[in-house]
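Subject: Structure for you to look over

Dear colleague,

I am handing over the structure we spoke about, and below it I set out what was found in it. Please read the notes with the coordinates open beside you.

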Amino acid sequence: MRLLLVEDDPELAAVIGDGLHNEHIEVSSARTFAEGRDRAILGSFDVIVLDVLLPGGTGFQLCRLIRERGIETPILMLTARDAVEDRVRGLESGADDYLTKPFAFAELTARIRALARRHPTIAPEYYDVADLHVDIPTRTVERGGQSIALTAKEFALLEFLVQHAGVVVTRSAITAHVWDENHDPFTNVLEVLVRRLRRKIDDGFDPKLIHTLRGAGYRLGI
């Protein structure tokens, strides 16, 4: 299960992340409204957990924006604000559940699993962009009918790009998917990985599919 946690308190986020990791739940964390918005829009998650008070906006606003984008991922509001009107506001913004702080970790985990069961995420098993074919379950890749062997990191990068074909994805979004939250997105490791993938996917083929948008990120498409 993949979960997006939008929580501005780094200590609480670390505690929740470590606890969910022990429950075999993969956690991607964001600390601001803007970062949470970008990851929710670009990522593929089974559940989203939102704090209400965030730098740059509120969890209510972020929940409403996510729903306006047509994203149906289950959302759990996690906040210290326990007034009835706040709970009502959260649910009216599009949240599926509401849990107040302090909370029992076992209850948080149970609510997350219940939301995931109630709204199972069905992702495509394969993607086609031009003459590129990516089969997710078998982790096989072909271009122009030719089989292409990729390392685990190369496939993870291609998987993320092809899942967001036609959309510019940021460095931070890519590194969160390919590596983890502790990876420094400002190192050149990502550029090296992109070059390796580009040599295998684009060299000797037309049209070129992997595009670099300086200062913005990368886009896969014609």
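Helices and strands are here DSSP runs, with helices (H or I) of at least four residues and strands (E) of at least two, numbered from the N terminus. On that basis the secondary structure of the protein comes to 8 helices and 13 strands. The radius of gyration is 19 Å, close to the 17 Å that the globule rule gives for 222 residues, so the protein is as compact as a globular protein of that length. Please keep in mind throughout that this is a predicted model.

Overall form

Along its principal axes, the C-alpha trace spans about 60 × 35 × 35 Å. Buried residues account for 43% of the 222 residues, and the accessible surface comes to about 11200 Å², with 51% of that area belonging to carbon and sulfur atoms. If one takes the contacts between residues at least 6 apart in sequence, 55% of them join residues that are at least 24 apart. As for charge, the protein has 27 positive and 34 negative charges, and the mean positions of the two sets lie 4 Å apart.

Helix 7

Helix 7, which runs over residues 171-178, has 6 of its 8 residues buried, so it is largely enclosed by the rest of the structure. The buried residues in question are A173, I174, T175, A176, H177 and V178. What covers them includes three helices and three strands that you can pick out in the viewer, namely helix 2 (33-42), helix 6 (152-163) and helix 8 (189-201), together with strand 1, strand 2 and strand 13 (217-220).

Salt bridges

The count of salt bridges comes to 15, and I describe three of them here. In one, E7 pairs with K101, with the closest N and O atoms 3.0 Å apart. E7 lies in the loop between strand 1 (2-6) and helix 1 (10-22), while K101 lies in the loop between strand 7 (97-100) and helix 5 (105-118), so the pair ties together parts that are 94 residues apart in sequence. E7 is buried, at a relative accessible area of 2%, whereas K101 is partly exposed at 22%.

Another salt bridge joins the side chains of E23 and R113, at 3.8 Å from N to O. Here E23 sits in the loop between helix 1 and strand 2 (26-30) and R113 in helix 5, so this pair ties together parts that are 90 residues apart in sequence. Both ends are partly exposed, E23 with a relative accessibility of 34% and R113 with a relative accessible area of 29%.

The side chains of D206 and K208 also meet in a salt bridge, with 4.0 Å from N to O. D206 is exposed, with a relative accessible area of 62%, and K208 counts as partly exposed at 37% relative accessibility. Elsewhere, salt bridges that share partners join E7, D51 and K101 into one network.

Backbone points to check

Most residues other than glycine have a negative phi, and most peptide bonds are trans. Against that background, four places in the backbone may deserve your attention.

K101, already mentioned for its salt bridge with E7, is joined to P102 by a cis peptide bond, with omega at about -5°. P102 is found in the loop between strand 7 and helix 5. A cis peptide bond also joins D206 and P207, with omega at about 0°, and P207 belongs to the loop between helix 8 and strand 12 (210-213). D206 is also the residue whose side chain meets that of K208 in a salt bridge.

Turning to phi, H24 has a positive value, near 65°, although this residue is not a glycine. H24 is placed in the loop between helix 1 and strand 2 and counts as exposed, at 70% relative accessibility. R139, likewise not a glycine, has a positive phi of about 55°. The place of R139 is in the loop between strand 9 (132-135) and strand 10 (140-143), and at 46% relative accessibility this residue counts as partly exposed.

With best regards

Note on methods. Residues numbered from 1 in each chain as written. Predicted model: local features only at pLDDT ≥ 70, side-chain atom pairs only at ≥ 80, totals over all residues. Heavy atoms only, no water. Buried < 20%, exposed > 50% of the residue type's maximum accessible area, 1.4 Å probe, protein only. Rg over C-alpha atoms; globule rule 2.2 N^0.38 Å. Contact = heavy atoms within 4.5 Å. Areas by Shrake-Rupley, 256 points an atom, 1.4 Å probe, with all protein chains shown as cover. Lys, Arg positive; Asp, Glu negative; His and termini not counted. Charge placed at Lys NZ, Arg CZ, Asp CG, Glu CD.
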